[in-house]
Structure formats: structure tokens, C-alpha cells
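Work through the exercises below with the sequence and the structure side by side. Try each task before reading its solution.

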Amino acid sequence: MTQIYNAPNAAPSSIGTQFNTHYWDRKSLIDIAEKMVFSPLADVRWMPMHYGKELKVYYYVPLLDDRNVNDQGIDASGVAIVDGNLYGSSKDTGAITARMPTLNEEGGRVNRVGFTRIERSGTLSEYGFFADFTKDSFTFDTDSDLYGHMSREMLTGANKITEDLLQLDLLAAAGTVVFTGTATSDATMTGEGADASVVTYQDLKKLGIVLDDNLTPKNTKMIKGSRMTDTLTINSARLMYVGSELTITLENMVDGLGNPAFIPVRKYADATNVMTGELGSIADFRIIVVPDMMRFEGAGAAVGTNPGYSETGGNYDIFPMLVVGSESFATVGLQSSGKKKGKQKFSIIVKKPGPEMATIDDPYGKIGFSSISFWHGFIALRPERLALVKTLAGE
């Protein structure tokens, strides 16, 4: 009887070893989709082929905004003004009244305005790694699912790298930064003195006001499906991502009246969609604990007498609390072409051991490999909607 597949204790297959990689790769992709934290929050821009590695987009500044500075301004009396945004972002009643675009009976060439657009850009970079293996490792290894495990770990590793790249981009792109205590910079953040650099309820309330002024929505759209579909909308709060080191600090936080400020997720879980890792709510923020949240080790002030905060190399460690507002950033992927319909996140190549792998360095063709590569790019569309609270945390 001719053996088609290599069954245990059977004659060799007449058509060669069965080596179906697609099942494992697909299953692993579905598994790792559930572990993504920041990627589902992104808008996606695709770079067409043959257009270089830099993608540029325009952000058009609203008329009534201080960033809309241009030389087109003419006021209601026909006199040129410094900029063409009427009263810009001013909240002063006197300034607003004086700049209102009134018209008289004759009209005339008055109240001219202009518009400004800001260029945002993102650059694509390619990343990848590989692992090699021998024919004997699959023939004699006691784990019959060895390739499946290797495939899963490679895809999990690639996903972790993309998440780390994105987290680094978000931390660097935050346009709203709050220093806690009396600190005004990383170098002045300290755990000593009467006002240590530790986050308080007042810090979060002030941040909420700043984000309100920046027109940051209180709803967040995220992609929860394994195929980058099935959008979920989180309403009436902004998402704040923190490391597990801050759990005790946040749970013990009190408001301005001395009452507990922290609301555990179990008290509102039935009334809303609960995020993976959601700890609870404080003020206008829903707190998401990210076990792999990065920190700035040794970036704070020099340690004198440490009352119990984390430090590295004689300086205090700084822990970020990251707020990601809706539509604040986009990731950049490479648009596929040809017979590949759709957009691929990872490119996977598998070459099994065999005669076709024989070379002068491996004349017996006993070594194969599996490689994975991917592109990553980032654009901060509205950096003012990305906020960062910097705080110390206990050891």
C-alpha cells in the first residue's frame, strides 16, 4: 500500500513529508490578535508600492485656532492684522468682541481670513528575524507539534516587537505631558520632600480639562477582530494605559474631599464593554493595566534618601501613564500587489530540509529555516490628543 502521509511506524511517504505551515500560521495569528494592546487603537494608512518609504498626510487646522497663522488677515475695518484666524483660540471676551467679523451696509473688502495645513509624515522601516532547524529535529523530537510551537512563538515574538515599536512611538509623540508634584522635567522628578512626584487625583482632573480644551473625544474606537475588522466603540471615557507597578497607587487614590477616587471595574462591568486588563475608573479615565508597559529607568532626579520609590543607577525611575485619544495616530503598512489581495501584516517564508536546500555549506540538505519580516511606520495625526502623565512608583 502506498503511503501518502508519514504515519508513525509506516513506510516513507511516496510524495514526501507533509509540511503544511498555513494552518499553524493562521491559528497563531488568531491567537496573538487577542494579545494586542495598542495596535487595535490605530487608524491605518497604506503605502502604495513604488512611492518610496515615506508617507505624508495633511492636517487642516480649524479657522478659529491659534495654530492657524497666515498673512491673509484683514479685520472688519479693512486693516491688515497679524494673522488670519479672527480671534483664534482666545477665550477673552474683549478679544473675541473686537475680532468679530461684522459687516456694515457697504460691505467692502473686509474680514479676510486664511487657512493653514500641517504636514504629518511617517517613514516605513522593515524588521525581521529567522530561526533554522534540522531534519532530525522534526524526525526524532518527542514533541510531534514542534513546528506548530515554533511557528506560534515566532509570530508571538513578531507581534510583541510591533507592539513595542508602537508603544515607543506613542510615548515619544505625546503632545500633552504632565509632570507630577513640583517637577517640571524628567530631571526634577523626585520622591523626596513634601511634594513628591507621584500622581494625584488633581493631576488627572487637570489633564482631563486640557484634553477637553484639545477637543479630544471621550469615545475611543478600536478594532477587536482578528482580521482587523469588527470595530468596538468605548464611550464616555478616555483610555489610560499604565504599568502594573502603579496599581496600588491608583487603587489608594483619594479625591479633593478625601473620598476614594478609584472605582473598581467590577462595579460597572455589567453596564459597559470591559477592556482586556481594565482595572477600574478614575475621574474621566478608564485605567488599563499593561504588564509590558515601558518605563524610563534612571531618568529622574538623583536619589538622596529614597522613601521607597523605584530607582535605577542612583536615579529615580519614571513611570508613564499614557492616554490615547481617538483618531490621534495611524500606523503605516505596505500595500501588497499582484496576486496578493489584501494587506499582509507579516511575510513568512519556510524552507524545509531536503535536496532543494543542499548547498556547498550544507551538502546534505539537512537544514531548513523559517523567517518572518514586517513593515512598521507611525504618524502622529493629532499629537495633542496623546497625553502622558509622568509619575514615580513604589518598589
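**Exercise 1. An arginine and its surroundings**

In which strand does R238 lie? Then decide how far R238 is covered, and find its partners.

Step 1. The model is predicted. In this model, R238 belongs to strand β8, which covers residues 238-242.

Step 2. Buried means under 20% relative accessible area. R238 has a relative accessible area of 1%, so R238 is buried.

Step 3. Now look for side-chain partners. The side chain of R238 makes a polar contact of 2.6 Å with the side chain of D212.

Step 4. Leave out the neighbours of R238 within four places in sequence; its contacts then include G208, L211, D212, D284, F285 and V323.

**Exercise 2. The sheet around β8**

State the order of the strands in the sheet that holds β8, and name its edges.

Step 1. The sheet is open and has seven strands, in the order β5-β18-β14-β8-β11-β10-β9. The pairing is mixed.

Step 2. β5 (176-179) and β9 (263-264) pair on one side only, which makes them the edge strands.

Step 3. Take the pairing of β8 with β14. These two strands run antiparallel and are joined by two bridges. M240 has V323 of β14 as its bridge partner.

Step 4. On to β18. Six bridges join β14 to β18, and these strands too run antiparallel. Here V323 stands opposite A387.

**Exercise 3. The two sides of β14**

Which residues of β14 point one way, and which the other way?

Step 1. In a regular strand, side chains alternate between the two faces of the sheet.

Step 2. In β14, F319, M321 and V323 point one way, while P320, L322 and V324 point the other way.

Step 3. Check the burial: six of the six residues of β14 are buried.

**Exercise 4. The nonpolar cores**

Which residues have the most contacts inside the largest nonpolar core, and which element gives the most to this core?

Step 1. In soluble globular proteins, nonpolar side chains tend to be buried together.

Step 2. The largest core has 24 residues, and L204, L207, M240, L250 and M321 have the most contacts inside it. Among the elements that each supply at least two residues of this core are α5 (201-213), β8 and β14 (319-324). α5 gives the most, with four residues.

Step 3. Place the helix. α5 lies across β5, β8, β10, β11, β14 and β18, and runs at about 135° to β8.

Step 4. Follow one core residue. Apart from neighbours within four places in sequence, L250 is in contact with V199, V242, F262, I282, I287 and M321.

Step 5. A second, separate core has 21 residues, including L171, A174, L322 and F378.

**Exercise 5. An aromatic pair**

How many aromatic pairs are found in the whole structure? Describe the pair of Y127 and F374.

Step 1. The search finds four aromatic pairs.

Step 2. Y127 and F374 are stacked, with 6.0 Å from centre to centre and 20° between the planes. Planes under 30 degrees apart count as stacked.

Step 3. Y127 lies in strand β4 and F374 in strand β17, so the pair ties together parts that are 247 residues apart in sequence.

Step 4. Compare the accessibility of the two residues. Y127, at 30%, counts as partly exposed, whereas F374, at 2%, counts as buried.

Terms used
Residues are numbered from 1 along each chain as its sequence is written. This is a predicted model: local features need pLDDT of at least 70, side-chain atom pairs count only at pLDDT 80 or more; totals for chains, interfaces and linings use all residues. Side-chain values use heavy atoms; hydrogens and water are left out. Buried means under 20% relative accessible area, exposed over 50%, partly exposed in between (1.4 Å probe, protein chains only). A polar contact is a pair of N or O atoms within 3.5 Å; within protein, one must be able to donate a hydrogen and the other to accept it, and residues adjacent in sequence count only if both atoms are side-chain atoms. Contact means heavy atoms within 4.5 Å. A nonpolar core is a set of buried Ala, Val, Leu, Ile, Met, Phe, Trp, Tyr and Cys residues joined through side-chain atoms within 4.5 Å. Two strands pair if DSSP finds at least two bridges between them. Axes are lines fitted to C-alpha atoms, for helices over the stretch in contact, and angles run from 0 to 180 degrees between N-to-C directions. Rings of Phe, Tyr and Trp (its six-membered ring) pair if their centres lie within 6.5 Å; planes under 30 degrees apart count as stacked, over 60 as edge-to-face and the rest as tilted.
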